[in-house]
Amino acid sequence: MLLPASTTLVLAVGSDAPGAASGMLGGAQFALGAAAAPLPGVLGSTTALSTAVVVLGFVPFSAVALTTLARPWQGHREPAGQP
């Protein structure tokens, strides 16, 4: 549920240049995935617990990114008349 919502917000904010917004979104997803992939192995041998710690650790990061980049309180949403 989170990925489609965040994609919609990013593309709505970057509606002036949708190709650039989509490219930045894809690049950011690849970069964060590459940065997060080795972290469970660094945290210890219990893969399930260390993976949960990494995933839950990125939750505050995503909340900060949403509030600083998308600024939902400024009313960035679909234009009127659009489905």
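**View 1. The exposed residue L49 and its nonpolar surroundings on the surface.** With a relative accessible area of 56%, L49 is exposed, because the threshold for that class is a value over 50%. The model shown here and in the views that follow is predicted. L49 has its place in helix α4, the element that covers residues 47-70. Together with L43 and V53, L49 forms a nonpolar patch on the surface, and the accessible area of these three residues taken together is about 290 Å².

**View 2. The chain as a whole, as context for the close-ups.** The chain holds 4 helices and 0 strands, and its elements, read from the N terminus on, follow the order α-α-α-α. Of the 83 residues in the chain, 8% are buried, while the area that the chain exposes comes to about 6,100 Å², with 74% of it supplied by carbon and sulfur atoms. Among the contacts in the chain with a separation of 6 or more, 27% are accounted for by residues that stand 24 or more positions apart.

**View 3. The largest pocket and the residues that line it.** The volume of the largest pocket is about 1,000 Å³. Its lining is made up of 27 residues, of which S6, L25, L32, S62 and A65 are the closest to the centre of the pocket. Two or more residues of the lining come from each of the elements α1 (2-13), α2 (18-36) and α4. Helix α4 gives the most to this lining, contributing 11 residues.

**View 4. M24 in helix α2, shown with V10.** M24 lies in helix α2, and its relative accessible area of 63% places M24 in the exposed class, since that class begins over 50%. The view also includes V10, which is 14 residues away from M24 along the chain; the C-alpha atoms of M24 and V10 are separated by 9.4 Å.

**View 5. F58 in helix α4 and the residues that it touches.** F58 lies in helix α4 and is partly exposed, because its relative accessible area of 27% falls between the limit of 20% for buried residues and that of 50% for exposed ones. When residues up to four places away in sequence are not counted, F58 touches L32, A36 and L39. For one of these partners, A36, the C-alpha atom is separated from that of F58 by 8.8 Å, the two residues being 22 residues apart along the chain. Another partner of F58, L32, also appears in View 3, as one of the lining residues closest to the centre of the largest pocket.

Conventions: Residues numbered from 1 in each chain as written. Predicted model: local features only at pLDDT ≥ 70, side-chain atom pairs only at ≥ 80, totals over all residues. Heavy atoms only, no water. Patch = residues over 30% accessible without salt bridge, like charges linked within 9 Å, V, L, I, M, F, W, Y side chains within 5 Å. Areas by Shrake-Rupley, 256 points an atom, 1.4 Å probe, with all protein chains shown as cover. Salt bridge = Lys/Arg side-chain N within 4 Å of Asp/Glu carboxyl O. Buried < 20%, exposed > 50% of the residue type's maximum accessible area, 1.4 Å probe, protein only. Contact = heavy atoms within 4.5 Å. 1 Å grid on protein atoms, 1.4 Å probe; cavity = no way out; pocket = protein on both sides within 12 Å on 5 of 7 lines; lining within 4 Å. Points joined across faces, edges and corners; volume = space filled by probe spheres on them.
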